[in-house]
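Subject: Handover of a protein structure

Dear colleague,

Please find below the structure that I am handing over to you. After it, I set out what was found.

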Amino acid sequence: MSKTNSYDVIIIGGGPSGVSTALYAARGGLNVMVIHSGNSALHRAERIQNYYGTGEVSGKQLYDNGIAQAKSVGVTVTLGQVTFVRCDSDDKATKFTVVTPECEYVCSRLVIATGAPRTSINVDGVKEFEGRGVSYCAVCDGFFYRKKTVAVIGESEYALHEYDALKNLAGKVYLLTDGKNASFVAENTVTKKLKRITGDRRVNAVEFEDGSAIAVDGVFVAVGSMGSTAIAKSVGVFTDNNGAIITDNDGMTNVKGLYAVGDCTAGIKQIGKAVADGIAVGLRLIKK
(Lines give C-alpha, C1' and ligand atoms only; values in the text may rest on other atoms or scores of the structure.)
Protein backbone atom coordinates (compact mmCIF):
# COMPACT_ATOMS: atom_id res chain seq x y z
CA MET A 1 0.00 0.00 0.00
CA SER A 2 1.35 3.42 -0.95
CA LYS A 3 1.52 6.51 1.25
CA THR A 4 -1.51 8.35 2.58
CA ASN A 5 -2.90 11.26 0.51
CA SER A 6 -4.92 14.09 2.06
CA TYR A 7 -7.89 16.00 0.60
CA ASP A 8 -10.43 18.50 1.84
CA VAL A 9 -13.26 16.31 0.55
CA ILE A 10 -13.42 12.68 -0.56
CA ILE A 11 -16.49 11.46 -2.42
CA ILE A 12 -17.13 7.73 -2.69
CA GLY A 13 -19.06 7.17 -5.91
CA GLY A 14 -18.80 8.63 -9.41
CA GLY A 15 -22.43 8.79 -10.49
CA PRO A 16 -24.62 11.90 -10.90
CA SER A 17 -24.81 12.73 -7.18
CA GLY A 18 -21.12 12.24 -6.48
CA VAL A 19 -19.91 14.14 -9.54
CA SER A 20 -22.36 17.01 -8.96
CA THR A 21 -21.03 17.34 -5.42
CA ALA A 22 -17.47 17.31 -6.74
CA LEU A 23 -18.13 19.96 -9.39
CA TYR A 24 -19.52 22.50 -6.91
CA ALA A 25 -16.96 21.76 -4.21
CA ALA A 26 -13.98 21.95 -6.60
CA ARG A 27 -15.21 25.14 -8.28
CA GLY A 28 -15.52 26.57 -4.77
CA GLY A 29 -11.81 26.08 -4.18
CA LEU A 30 -11.71 22.79 -2.28
CA ASN A 31 -9.26 19.96 -2.95
CA VAL A 32 -11.60 17.14 -3.98
CA MET A 33 -11.17 13.47 -4.75
CA VAL A 34 -13.71 11.06 -6.23
CA ILE A 35 -13.19 7.32 -5.75
CA HIS A 36 -15.41 5.22 -7.97
CA SER A 37 -15.63 1.57 -8.97
CA GLY A 38 -16.74 2.27 -12.53
CA ASN A 39 -19.81 0.10 -11.91
CA SER A 40 -22.91 2.25 -11.68
CA ALA A 41 -26.62 1.63 -12.09
CA LEU A 42 -26.33 4.06 -15.01
CA HIS A 43 -24.31 1.50 -16.95
CA ARG A 44 -27.39 -0.72 -17.01
CA ALA A 45 -29.61 2.01 -18.48
CA GLU A 46 -29.92 1.45 -22.21
CA ARG A 47 -31.59 4.79 -22.92
CA ILE A 48 -32.30 7.90 -20.86
CA GLN A 49 -34.91 10.31 -22.21
CA ASN A 50 -36.21 12.03 -19.08
CA TYR A 51 -33.20 14.10 -18.00
CA TYR A 52 -33.09 17.76 -18.93
CA GLY A 53 -31.03 18.85 -21.90
CA THR A 54 -29.52 15.52 -22.91
CA GLY A 55 -32.08 14.31 -25.42
CA GLU A 56 -31.68 10.55 -25.61
CA VAL A 57 -28.41 9.31 -24.15
CA SER A 58 -27.12 5.98 -22.88
CA GLY A 59 -26.42 5.58 -19.18
CA LYS A 60 -22.78 4.77 -19.84
CA GLN A 61 -22.32 7.89 -21.95
CA LEU A 62 -23.84 10.09 -19.25
CA TYR A 63 -21.64 8.50 -16.58
CA ASP A 64 -18.47 8.88 -18.65
CA ASN A 65 -19.32 12.51 -19.47
CA GLY A 66 -19.68 13.25 -15.76
CA ILE A 67 -16.30 11.72 -14.89
CA ALA A 68 -14.62 13.73 -17.67
CA GLN A 69 -16.30 16.91 -16.48
CA ALA A 70 -15.09 16.38 -12.92
CA LYS A 71 -11.52 15.94 -14.12
CA SER A 72 -11.78 19.11 -16.21
CA VAL A 73 -12.30 21.26 -13.09
CA GLY A 74 -9.41 19.72 -11.19
CA VAL A 75 -11.08 16.89 -9.29
CA THR A 76 -8.77 13.94 -8.62
CA VAL A 77 -10.60 10.86 -9.90
CA THR A 78 -9.45 7.40 -8.83
CA LEU A 79 -10.80 4.09 -10.05
CA GLY A 80 -10.84 1.68 -7.14
CA GLN A 81 -12.77 -0.22 -4.51
CA VAL A 82 -13.14 1.17 -0.99
CA THR A 83 -12.57 -1.60 1.54
CA PHE A 84 -12.71 0.28 4.83
CA VAL A 85 -13.58 3.68 6.29
CA ARG A 86 -12.52 4.94 9.72
CA CYS A 87 -13.72 8.03 11.55
CA ASP A 88 -11.57 9.69 14.22
CA SER A 89 -12.99 12.71 16.00
CA ASP A 90 -12.45 14.90 19.02
CA ASP A 91 -13.75 18.27 20.20
CA LYS A 92 -11.69 20.11 17.61
CA ALA A 93 -11.94 18.14 14.37
CA THR A 94 -13.11 15.02 12.57
CA LYS A 95 -10.83 13.00 10.31
CA PHE A 96 -11.91 10.25 7.92
CA THR A 97 -9.56 7.61 6.58
CA VAL A 98 -10.69 5.88 3.38
CA VAL A 99 -8.83 2.68 2.57
CA THR A 100 -8.48 0.96 -0.81
CA PRO A 101 -6.20 -1.99 -1.67
CA GLU A 102 -3.74 0.49 -3.18
CA CYS A 103 -3.71 3.43 -0.79
CA GLU A 104 -5.12 5.25 2.22
CA TYR A 105 -6.75 8.65 1.78
CA VAL A 106 -7.53 11.17 4.52
CA CYS A 107 -10.09 13.98 4.53
CA SER A 108 -11.99 16.21 6.92
CA ARG A 109 -15.27 15.80 5.03
CA LEU A 110 -16.57 12.62 3.45
CA VAL A 111 -19.48 12.17 1.03
CA ILE A 112 -21.13 8.80 0.40
CA ALA A 113 -22.56 8.67 -3.12
CA THR A 114 -22.44 4.94 -3.72
CA GLY A 115 -26.01 4.57 -4.93
CA ALA A 116 -28.46 1.88 -3.91
CA PRO A 117 -27.32 -1.66 -4.65
CA ARG A 118 -29.50 -3.40 -7.21
CA THR A 119 -29.42 -7.06 -6.28
CA SER A 120 -29.27 -9.31 -9.31
CA ILE A 121 -30.25 -12.97 -9.58
CA ASN A 122 -28.34 -16.03 -10.69
CA VAL A 123 -30.43 -16.92 -13.74
CA ASP A 124 -29.04 -17.57 -17.20
CA GLY A 125 -29.57 -14.63 -19.53
CA VAL A 126 -29.82 -11.89 -16.90
CA LYS A 127 -26.33 -10.52 -17.43
CA GLU A 128 -26.42 -11.20 -21.17
CA PHE A 129 -29.54 -9.10 -21.71
CA GLU A 130 -28.84 -6.19 -19.34
CA GLY A 131 -29.67 -3.08 -21.35
CA ARG A 132 -31.39 -5.25 -23.98
CA GLY A 133 -34.59 -6.06 -22.17
CA VAL A 134 -33.37 -6.69 -18.62
CA SER A 135 -33.72 -3.64 -16.36
CA TYR A 136 -33.41 -2.79 -12.66
CA CYS A 137 -35.59 0.32 -12.52
CA ALA A 138 -39.26 0.44 -13.55
CA VAL A 139 -39.50 4.22 -13.07
CA CYS A 140 -36.47 4.67 -15.32
CA ASP A 141 -37.33 2.23 -18.12
CA GLY A 142 -41.04 1.43 -17.84
CA PHE A 143 -41.88 4.11 -20.41
CA PHE A 144 -40.23 2.03 -23.12
CA TYR A 145 -42.63 -0.88 -22.46
CA ARG A 146 -45.94 0.90 -22.87
CA LYS A 147 -48.67 -1.61 -23.85
CA LYS A 148 -46.09 -4.40 -23.96
CA THR A 149 -45.74 -7.53 -21.85
CA VAL A 150 -43.16 -7.46 -19.05
CA ALA A 151 -42.18 -9.51 -16.02
CA VAL A 152 -40.97 -8.49 -12.57
CA ILE A 153 -38.68 -10.96 -10.81
CA GLY A 154 -38.97 -10.77 -7.03
CA GLU A 155 -41.32 -11.25 -4.11
CA SER A 156 -40.53 -8.43 -1.63
CA GLU A 157 -41.62 -4.81 -1.16
CA TYR A 158 -39.05 -3.80 -3.76
CA ALA A 159 -40.82 -6.04 -6.28
CA LEU A 160 -44.18 -4.52 -5.29
CA HIS A 161 -42.81 -1.03 -5.98
CA GLU A 162 -41.64 -2.10 -9.45
CA TYR A 163 -44.87 -3.96 -10.15
CA ASP A 164 -47.00 -0.93 -9.21
CA ALA A 165 -44.87 1.35 -11.38
CA LEU A 166 -45.39 -0.91 -14.40
CA LYS A 167 -49.01 -2.00 -14.15
CA ASN A 168 -50.39 1.30 -15.50
CA LEU A 169 -47.87 1.43 -18.35
CA ALA A 170 -47.42 -2.08 -19.64
CA GLY A 171 -50.10 -4.09 -21.36
CA LYS A 172 -49.52 -7.04 -19.05
CA VAL A 173 -47.25 -7.56 -16.03
CA TYR A 174 -46.17 -10.94 -14.68
CA LEU A 175 -44.76 -11.37 -11.19
CA LEU A 176 -42.16 -14.15 -11.14
CA THR A 177 -41.26 -15.27 -7.61
CA ASP A 178 -38.73 -17.99 -8.56
CA GLY A 179 -40.35 -20.51 -6.24
CA LYS A 180 -40.78 -18.15 -3.28
CA ASN A 181 -43.93 -16.82 -1.65
CA ALA A 182 -44.70 -13.21 -2.52
CA SER A 183 -45.29 -10.71 0.29
CA PHE A 184 -48.19 -9.20 -1.66
CA VAL A 185 -50.98 -10.25 -4.02
CA ALA A 186 -50.52 -9.57 -7.73
CA GLU A 187 -52.30 -10.66 -10.87
CA ASN A 188 -50.43 -13.03 -13.17
CA THR A 189 -48.17 -14.37 -10.43
CA VAL A 190 -45.98 -17.31 -11.44
CA THR A 191 -44.29 -19.18 -8.58
CA LYS A 192 -42.30 -21.65 -10.70
CA LYS A 193 -38.51 -21.82 -10.49
CA LEU A 194 -36.80 -19.80 -13.19
CA LYS A 195 -34.48 -21.46 -15.67
CA ARG A 196 -33.34 -18.76 -18.08
CA ILE A 197 -34.18 -15.57 -19.96
CA THR A 198 -33.98 -15.97 -23.72
CA GLY A 199 -34.00 -13.81 -26.80
CA ASP A 200 -32.23 -12.86 -29.99
CA ARG A 201 -31.04 -9.25 -30.00
CA ARG A 202 -33.45 -8.50 -27.13
CA VAL A 203 -35.40 -10.44 -24.50
CA ASN A 204 -38.38 -12.34 -25.86
CA ALA A 205 -39.19 -15.03 -23.25
CA VAL A 206 -38.67 -16.41 -19.76
CA GLU A 207 -38.33 -20.17 -19.37
CA PHE A 208 -39.05 -22.19 -16.20
CA GLU A 209 -37.55 -25.35 -14.76
CA ASP A 210 -40.68 -27.36 -15.59
CA GLY A 211 -40.18 -26.67 -19.32
CA SER A 212 -42.89 -24.03 -19.67
CA ALA A 213 -42.27 -20.48 -20.85
CA ILE A 214 -43.95 -17.08 -21.19
CA ALA A 215 -43.35 -14.52 -23.93
CA VAL A 216 -42.24 -11.12 -22.63
CA ASP A 217 -40.74 -7.95 -24.06
CA GLY A 218 -38.83 -6.99 -20.93
CA VAL A 219 -37.79 -8.26 -17.51
CA PHE A 220 -37.35 -6.10 -14.39
CA VAL A 221 -35.15 -7.58 -11.66
CA ALA A 222 -36.36 -6.55 -8.19
CA VAL A 223 -34.76 -9.10 -5.86
CA GLY A 224 -34.13 -8.25 -2.24
CA SER A 225 -34.24 -4.61 -1.21
CA MET A 226 -32.51 -1.30 -1.91
CA GLY A 227 -30.34 -1.09 1.19
CA SER A 228 -27.81 1.41 2.39
CA THR A 229 -24.08 0.69 2.37
CA ALA A 230 -21.76 -1.12 4.73
CA ILE A 231 -19.52 1.94 4.57
CA ALA A 232 -22.17 4.10 6.22
CA LYS A 233 -22.93 1.58 8.95
CA SER A 234 -19.27 1.02 9.75
CA VAL A 235 -18.92 4.61 10.99
CA GLY A 236 -22.20 4.78 12.90
CA VAL A 237 -24.44 6.54 10.38
CA PHE A 238 -28.17 6.27 11.08
CA THR A 239 -30.38 4.58 8.49
CA ASP A 240 -34.14 4.20 8.21
CA ASN A 241 -36.14 0.96 8.26
CA ASN A 242 -35.44 0.46 4.56
CA GLY A 243 -31.70 0.90 4.93
CA ALA A 244 -31.55 4.39 3.40
CA ILE A 245 -29.07 6.81 4.97
CA ILE A 246 -30.76 9.51 7.04
CA THR A 247 -29.60 13.08 6.38
CA ASP A 248 -30.73 16.60 7.18
CA ASN A 249 -32.05 18.94 4.47
CA ASP A 250 -28.52 19.73 3.29
CA GLY A 251 -27.29 16.16 3.15
CA MET A 252 -25.36 15.79 6.43
CA THR A 253 -25.72 12.58 8.43
CA ASN A 254 -25.63 12.24 12.21
CA VAL A 255 -21.83 11.95 11.96
CA LYS A 256 -20.25 15.41 11.78
CA GLY A 257 -18.56 16.00 8.44
CA LEU A 258 -20.11 12.96 6.76
CA TYR A 259 -22.69 13.53 4.02
CA ALA A 260 -24.79 11.27 1.80
CA VAL A 261 -26.31 12.03 -1.59
CA GLY A 262 -28.31 10.28 -4.28
CA ASP A 263 -29.81 6.81 -4.26
CA CYS A 264 -28.28 5.76 -0.92
CA THR A 265 -30.62 8.25 0.77
CA ALA A 266 -34.41 8.18 1.03
CA GLY A 267 -36.62 9.40 -1.79
CA ILE A 268 -37.03 8.76 -5.48
CA LYS A 269 -34.18 7.06 -7.30
CA GLN A 270 -33.81 9.41 -10.27
CA ILE A 271 -30.93 11.32 -11.85
CA GLY A 272 -32.52 14.73 -11.31
CA LYS A 273 -32.89 14.15 -7.58
CA ALA A 274 -29.33 12.81 -7.36
CA VAL A 275 -27.94 15.92 -9.04
CA ALA A 276 -29.97 18.18 -6.73
CA ASP A 277 -28.57 16.33 -3.70
CA GLY A 278 -25.06 16.86 -5.02
CA ILE A 279 -25.60 20.57 -5.56
CA ALA A 280 -26.93 21.04 -2.03
CA VAL A 281 -24.01 19.22 -0.42
CA GLY A 282 -21.44 20.86 -2.71
CA LEU A 283 -22.65 24.32 -1.71
CA ARG A 284 -22.70 23.37 1.95
CA LEU A 285 -19.13 22.11 1.76
CA ILE A 286 -17.95 25.42 0.35
CA LYS A 287 -19.47 27.32 3.27
CA LYS A 288 -17.70 25.24 5.93
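I begin with one cysteine. C264 has a relative accessibility of 1%; because buried means under 20%, C264 counts as buried. Please keep in mind that this is a predicted model.

Cysteines

The structure holds 0 disulfides. A disulfide is a covalent bond between the sulfur atoms of two cysteines. For C264, the nearest cysteine sulfur belongs to C107 and lies 15 Å away, and C264 is in no disulfide. C103 is in no disulfide either; its nearest cysteine sulfur is again that of C107, at 13 Å. C103 is buried too, with a relative accessible area of 2%.

The chain as a whole

The protein chain contains 6 helices and 15 strands. A compact globule of 288 residues would have a radius of gyration near 19 Å, and the chain has 20 Å, so the two agree. Along its principal axes, the C-alpha trace spans about 65 × 35 × 35 Å. Of the 288 residues, 51% are buried. If one takes the contacts between residues at least 6 apart in sequence, 57% of them join residues at least 24 apart.

Nonpolar cores

In soluble globular proteins, nonpolar side chains tend to be buried together. In this model, the largest nonpolar core has 29 residues, and those with the most contacts inside it are V9, I11, V32, I48, V75, V111 and L285. Two or more residues of this core come from each of β1 (5-12), α1 (16-27), β2 (32-36), α2 (59-72) and α6 (271-287). The largest share, 5 residues, is given by α1. To see how one member is surrounded, consider V32: leaving out residues up to four places away in sequence, V32 touches Y7, V9, I11, A22, A25, A26, V75 and T76. There is also a second, separate core of 23 residues, which includes I12, F96, C103 and V237.

Helix α6

How far apart are the end C-alpha atoms of α6? They are 25 Å apart; at 1.5 Å a residue, the 17 residues of α6 should span 24 Å, so the model agrees with the expected value. The buried residues of α6 are I271, K273, A274, V275, D277, G278, V281, G282, R284 and L285. Among the elements that cover these buried residues are β1, α1, α2, β6 (104-112) and β15 (258-260).

Two residues in strands

Is S135 buried or exposed? S135 is buried, with a relative accessible area of 3%, and its place is in strand β7 (residues 134-135). The side chains of S135 and D141 are joined by a polar contact of 2.6 Å. Apart from neighbours within four places in sequence, S135 is in contact with D141, V219, F220 and V221.

G199 lies in strand β11 (residues 194-199). G199 has a relative accessible area of 34%; because partly exposed covers the range between under 20% and over 50%, G199 is partly exposed. Leaving aside neighbours within four places in sequence, G199 is in contact with F129 and N204. The C-alpha atoms of G199 and A215 are separated by 9.8 Å, and these residues are 16 apart along the chain.

Yours faithfully,
A colleague

Methods. Residues numbered from 1 in each chain as written. Predicted model: local features only at pLDDT ≥ 70, side-chain atom pairs only at ≥ 80, totals over all residues. Heavy atoms only, no water. Helix = DSSP H or I, 4+ residues; strand = E, 2+ residues; numbered from the N terminus. Buried < 20%, exposed > 50% of the residue type's maximum accessible area, 1.4 Å probe, protein only. Polar contact = N/O pair within 3.5 Å; in protein donor to acceptor, adjacent residues only side chain to side chain. Contact = heavy atoms within 4.5 Å. Disulfide = S-S within 2.5 Å. Core = buried A, V, L, I, M, F, W, Y, C linked by side-chain atoms within 4.5 Å. Expected span 1.5 Å × (residues − 1). Rg over C-alpha atoms; globule rule 2.2 N^0.38 Å.
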